[in-house]
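Q: I am new to this structure. Please take a close look at one helix, then follow the picture outwards from there.

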Amino acid sequence: MRISRRALAVAAAVAVVLPLSACGSGGDTGGSTDASGKVEGDITFQTWNLRANFKDYFEGVIADFEKKYPDAHVKWVDQPAEGYADKISADAAGGTLPDVVNVSPDLVAPLAKAGLALDLDKSAAKYKKEYLEGAWASHQIPGTEGTYAFPWYLNTGPLFYNKSLFKDAGLDASKPPTTYDELFDDALELADKSDGKVATLANVPTIEDFGRYGVPLMNDKGTAFTFNDTKGVELLTKYKELYHAKALDPQALTATPESAGKKFLTGAVAMNPGSALDLGNFKKQAPSLYKNIGITDQITSTGKVNMYVMGLMVNAQTKHTAASVAFAHFVTDAQNQMSFAKKVAIFPSTAGSLDDPYFTKEDGTDETRVRIAAAKSLANAVNYTPVLFSEQMKTELRNEVAKALQGKESPKTALDNAVKACDRLLQQQG
């Protein structure tokens, strides 16, 4: 059950695959770690598919920064979502990485290991107290000391469900499932009563689903994966049962957040994760669904919902460390994050910002209800996807999950194989 990041065109977390020769613990990166000098010089700021919808916002932030620091100039470049990881990998290998780069935790991990990400615990420790503790820690790498990006915006959201489909199956639409046992029971009931025409879920379990279920994902040292334990096998066995009962959509093996969203819009799927932004889409694209929309919390066994986090990394090789650090902090300070959060359904990572009335005061609308509930859940939310879990690892897990669901392997064998493959890839990261 994945929270889609369609709102910011960040369809899925991806990982940079750097040449193995670049891996190491840093060494002489060619830049200065001292950010205490004069804020001056020309720097480049790269975002991840944000220009189309937020051009005025970012141009305004840059103008404000240059007004505050007249000797500094920022060139803004924006890369498309597709191929973003490959672009960063090529820039990292070629020495053309921008000074300030929009990253997710799994993007920053290989860059940090290669010595290309500035350690903010050394260069910008004075700013740490301005951010939520969990957000600041989100760009730390297991087995490595340091923090390698300023936390930027956070995202999470509820589960939406179709009340009419629940009613048609004889279920109480006012009491959606709140535990995994209830979810699986309701899903089987919905599939049975609809003769397999209505699935409850549209996506196979991902690493974050195992985390939400309470499965330990890695050992304490971050040197090996552990999601093939008894609880992990239990979850995959449940999903196999759902798949064969058509309570999990038959096309789940190849589903994307977008295709799952379309299934929900058309009434083929009864539940789907989302954000406050989705309510507007439902109202416009599927009015009948909007009239029957139910909103409930993410289902977890841990009491902690999943969150996504974005960050701004400073290139350790920048020739203008002071300006780059100052700008990355400026973009992610409380004022600018709050302004951004009011333009799109995301949440600031700065300490105290979620106490603002915008995130706490009801006004009777569903949009506000979702925003307030999500903001409240972020107080102890977790980014379940391990920082070291690369795109290749996600593919390995997905492939093995598919084999288990199709009956080609047992759930235990599938997860053992996935862990073995992911551990091998982890060793290759160096």
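A: The helix comes before its surroundings, and a second helix pair and some single residues come after.

This is a predicted model, in which local features need pLDDT of at least 70, side-chain atom pairs count only at pLDDT 80 or more, and totals for chains, interfaces and linings use all residues. Residues are numbered from 1 along each chain as its sequence is written, and side-chain values use heavy atoms, with hydrogens and water left out.

Start with helix H1, residues 51–68. Helices and strands here are DSSP runs, numbered from the N terminus: a helix (H or I) has at least four residues, a strand (E) at least two. H1 is not straight: it bends by about 35° at Tyr57. The bend at a residue is the angle between two fitted axes, one for the seven residues ending there and one for the seven starting there.

Which residues of H1 are buried? They are Phe54, Tyr57, Phe58, Val61, Ile62 and Phe65. Buried means under 20% relative accessible area; exposed means over 50%, and partly exposed lies in between (1.4 Å probe, protein chains only). Tyr57 thus appears twice: H1 bends there, and the residue is buried. An α-helix has 3.6 residues a turn, so residues three or four places apart point the same way.

What covers these buried side chains? The cover includes three strands: S1 (41–48), S2 (72–79) and S4 (150–155). It also includes two helices, H13 (321–331) and H14 (334–341).

Take H14 next. The axes of H1 and H14 come within 11 Å and cross at roughly 170°. That makes H1 roughly antiparallel to H14. Axes are lines fitted to C-alpha atoms, for helices over the stretch in contact, and angles run from 0 to 180 degrees between N-to-C directions. Angles over 145 degrees count as roughly antiparallel, under 35 as roughly parallel, 65 to 115 as roughly perpendicular, and the rest as oblique. On the H1 side, Phe54, Tyr57, Phe58 and Val61 make the meeting. H14 brings Asn336, Gln337, Ser339 and Phe340. Contact means heavy atoms within 4.5 Å. By class, this contact holds 5 nonpolar residues, 3 polar and no charged. Ala, Val, Leu, Ile, Met, Phe, Trp, Tyr, Cys and Pro count as nonpolar; Asp, Glu, Lys and Arg count as charged; the others, Gly among them, are polar.

Now step back along the chain from H1. Asn49 sits in the loop between S1 and H1. Its phi is near 60°, a positive value in a residue other than glycine. Asn49 counts as partly exposed, at 27% relative accessibility.

Strand S8 (residues 308–314) holds Leu312. At 0% relative accessibility, Leu312 counts as buried. Its contacts, not counting residues up to four places away in sequence, are Phe45, Val100, Val101, Asn102, Ala149, Phe150, Trp152, Ala328, Val331 and Thr332. Leu312 and Trp48 are 264 residues apart along the chain, yet their C-alpha atoms are separated by 11 Å.

Ser138 lies in the loop between helix H5 (133–137) and S4. It counts as buried, at 7% relative accessibility. Ser138 touches Pro105, Val309 and Val387, again leaving out residues up to four places away in sequence.

For a second helix pair, look at H16 (residues 391–405) and H17 (residues 411–428). They pack at an angle of about 165°, with their axes 9 Å apart. H16 and H17 are therefore roughly antiparallel to each other. H16 gives Gln392, Met393, Glu396, Leu397, Glu400 and Ala404 to the contact. Among the H17 residues are Pro411, Ala414, Leu415, Asn417 and Ala418. By class, the H16 and H17 contact has 11 nonpolar, 2 polar and 3 charged residues.

Glu400, in helix H16, deserves a stop. Is it buried or exposed? Glu400 is buried, with a relative accessible area of 8%. Leaving aside neighbours within four places in sequence, Glu400 is in contact with Glu409, Ala414, Asn417 and Ala418.

Finish with two loops. Asp195 lies between helix H7 (180–193) and helix H8 (207–212). Its phi is near 55°, a positive value in a residue other than glycine. Asp195 counts as exposed, at 67% relative accessibility. Gly352 is in the loop between strand S9 (347–348) and helix H15 (366–377). Gly352 is partly exposed, with a relative accessible area of 44%.
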